[in-house]
Amino acid sequence: MKFLVVTDFLGYIGGGFEPLSVMYVMSAVRQAGHEVKMIEDDFQKASAMIEDWKPDFVGYSAFTGYHKQLIDLNRRLKERHEFISLFGGPHPTFFPEMVKEEGVDIVCRGEGEEAVVELLDSVQRGEDYSGVRNFWIKLNGQIHRNEVRPLQDDLDKIAFPARDLFYQFPQARNSKVRIVNTARGCPYACTYCYNYKIKELYKSFGAPHLRHRGVDSIIEEILQLKAKYPIEFVYFGTDNFTTLKDWVFEFSEKYRRKLNIPFLCGSRPETISPEVCRALKSANCASVYMGIESGNEEIRRNLLNRKMNNDRIITAAQNIHEAGLKLATFNMMLFPGETLEQAWDTLTLNQRCRSDYAWVSLFQPYPRTKLADYAIEKGYFDGDFDRLQVSWYRFSALSNHHKKKFERLQKLVWLAVEFRWLTPLVKLAMKLPFSPIYMFLLKLHKAYCYRFRVMPVKLSFREVLKLSWRFLVDRSE
Ligand code: B12
Ligand code: SF4
């Protein structure tokens, strides 16, 4: 079978990182003996490729906000060509009703590697594929809603992502930063995040949701990468890199000896300790991302299901600084019912944590998450997920009397964290209608922080200009 994946390529969604999910799926499909190709989400290019190569399947990976664009693209491609369309990723996983959209034939829920291989094999053998697990399948006007299969419990059995497909394009091939996944799942249950919903989807199997890859396998993947492509920095795109202390120690020791390439990883305050930070530093970690999300304890406890207190967060931040690591913090604003005073607490807590890069987005109500359900129930959100957009920075679907002020504050937090003495100015500026200027400054600051703090790779002047330009025109921000 021929399987074409249409993806956001060198475009800007995803900050220019490799699309790990589809590369994993495509690797499994290729290993099973099928042919795979990748093309960017541009109608002309995708159409020309389909005309020329005639794939049996065309696949897309959709997160909420990007899904409409993909549905539309697929519909236009279907008007011209014959193929079976297949959507996977977070949006169809939680909103499988997407299969009812015109032109959508199949949606995949949950992990795709094994499922897609079974689907392609069945179609190739001319068998009835309407019952293949993980899929909702629209056939002859009828929708077949199949259960998911158990999660793959040994991640080391999953083939390394098919990076060559993405690296066929020079900009991706020559990038100095590479993204690598080290685990799947998360033991926590924050109400805005999709992880506990994934747990619910798979709960009948009782198997652990959090699974770590073996350290040796991760090192092997990076060694293989290093042998073929430039690599000066690794971004570990895993929800919580520091969840398992012993795993971090083992990783740090082996990584230091065998790779020692500077890297960035994500964490949660409870999983940070002086020992963990020292271990990361010894392995050449440059920076750690930590979710603060809200600086208001009440919001964290009652709305977000994040029960740590401010002191715990500050201690974690201190541990990170003391180990000589840079700290980047994740935050959100405009939660359902949030007041401006509560949002201001987020600014204050980031100041107290001395965040080296305070990243603040607007809360997005993702389908079927507890916080989205709450927002709908309380009338803060109308429940129309098609209104969600790609950008976390520019758009919020939530209603709030002070929405404009929230949107301005969200773009100004970095200024008060960077230059504390400007705090009174930020208070004033959030009342003034200069959002485009605030956005421009925020992008410049982001480019600066990425270059010098979060992912400090050596860039030429031209590359710095390119990075700044990319952030300025980035559709996802
Ligand atoms: C690392 C990460 C990033 C990284 C890198 C992403 C990348 N290029 O790989 C960065 C920081 C760049 C990023 C950016 C964004 N992210 Co992000 N990200 C994640 C994170 C933490 C891990 C993703 C991952 O690699 N998982 C490992 C892979 C192997 O698993 P997977 O993605 O689930 O893919 C499997 C299945 O979904 C399925 N599948 C996926 N695609 C397809 C396609 C087909 C055809 C098939 C059949 C199956 C299939 O098979 C895959 C393999 O089993 C997730 C949270 C999470 N736990 O998944 C959020 C998450 C996916 N991100 C999210 C969002 C919203 C974004 C942004 C839109 C934010 C923004 N506006 O900038 C962008 C969009 C990026 C993009 N182009 O995808 C949301 C999506 C929510 C939703 N309902 O859609 C998530 C779920 C986090 C959350 N808020 O809960 N992200
Ligand atoms: S800790 Fe992070 S990944 Fe885990 S549930 Fe909370 S937000 Fe999601």
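Trainee: Helix α3 lies across which strands, and at what angle does α3 run to β3?
Mentor: This is a predicted model. In it, α3 lies across three elements of a sheet: β1, β3 and β4. Its direction relative to β3 is about 165°.

Trainee: In what order do the strands of that open sheet of 7 strands stand?
Mentor: The pairing in this sheet is mixed. Strands of a sheet pair through backbone hydrogen bonds, either parallel or antiparallel. The order is β2-β1-β3-β4-β5-β6-β7.

Trainee: Which strands stand at the edges of that sheet?
Mentor: Look for strands with a single partner. Such a strand has no neighbour on one side, so that side is left free in the sheet. The two are β2 (35-40) and β7 (142-145).

Trainee: What does the twist average from one strand to the next?
Mentor: Step across the sheet, strand by strand. The average turn per step is 20°.

Trainee: In which sense do β1 and β3 pair, and which residue of β3 stands opposite L4?
Mentor: Strand β1 covers residues 2-7, and strand β3 covers residues 57-61. They are joined by 4 bridges, and the sense is parallel. The residue opposite L4 is V58.

Trainee: Which strands does α1 touch, and what angle does its direction make with that of β1?
Mentor: Helix α1 spans residues 20-31 and packs on this sheet. It touches β1, β2, β3 and β4 (84-88). The angle with β1 is about 170°.

Trainee: How do the axes of α1 and α5 cross: parallel, perpendicular or oblique?
Mentor: Two packed helices are described by the angle between their axes and the distance between the axes. For α1 and α5 (residues 113-124), the axes come within 8 Å and cross at roughly 45°. That angle makes the relation of α1 to α5 oblique.

Trainee: Which residues of α5 do Y24, V25, A28 and V29 of α1 meet?
Mentor: The crossing of α1 past α5 is right-handed. By class, this contact holds 7 nonpolar residues, no polar ones and 1 charged. On the α5 side stand E113, V116, V117 and L120.

Trainee: How do α2 and α3 pack, and is their crossing left-handed or right-handed?
Mentor: Helix α2 (residues 43-53) and helix α3 (residues 67-80) have axes 10 Å apart, at an angle of about 40°. That makes α2 oblique to α3. The crossing is right-handed.

Trainee: How many nonpolar, polar and charged residues does the contact of α2 with α3 have?
Mentor: From α2 come F43, A46, S47 and I50. From α3 come L73, R76, L77 and R80. By class, the count is 5 nonpolar, 1 polar and 2 charged.

Trainee: Now the open sheet of 6 strands: which strands stand at its edges?
Mentor: The order is β8-β11-β12-β13-β14-β15, with parallel pairing. Each edge strand has a single partner, so one side of it lacks a neighbour in the sheet. The edge strands are β8 (177-180) and β15 (357-362).

Trainee: Which residue of β11 does V180 stand opposite?
Mentor: Strand β8 runs parallel to β11 (residues 233-236), with 4 bridges between them. The residue opposite V180 is F236.

Trainee: At what angle does α14 run to β14?
Mentor: Helix α14 covers residues 340-352. It lies across β13 (285-293), β14 (326-333) and β15. Its angle to β14 is about 180°.

Trainee: How many charged residues are in the shell around ligand 2?
Mentor: The residues around ligand 2 are C186, Y188, A189, C190, C193, N195, D239, N240, R268 and G291. By class, 5 are nonpolar and 3 are polar. The charged ones number 2.

Note on methods:
Residues numbered from 1 in each chain as written. Chains lettered and ligands numbered in written order. Predicted model: local features only at pLDDT ≥ 70, side-chain atom pairs only at ≥ 80, totals over all residues. Near = placed C-beta within 6 Å. Nonpolar A, V, L, I, M, F, W, Y, C, P; charged D, E, K, R; others polar. Pairing = 2+ DSSP bridges. Contact = placed C-beta atoms within 7 Å. Axes fitted to C-alpha atoms, helices over the stretch in contact; angles between N-to-C directions. Parallel < 35°, antiparallel > 145°, perpendicular 65-115°, else oblique. Left-handed = near helix turned anticlockwise from the far one by under 90°.
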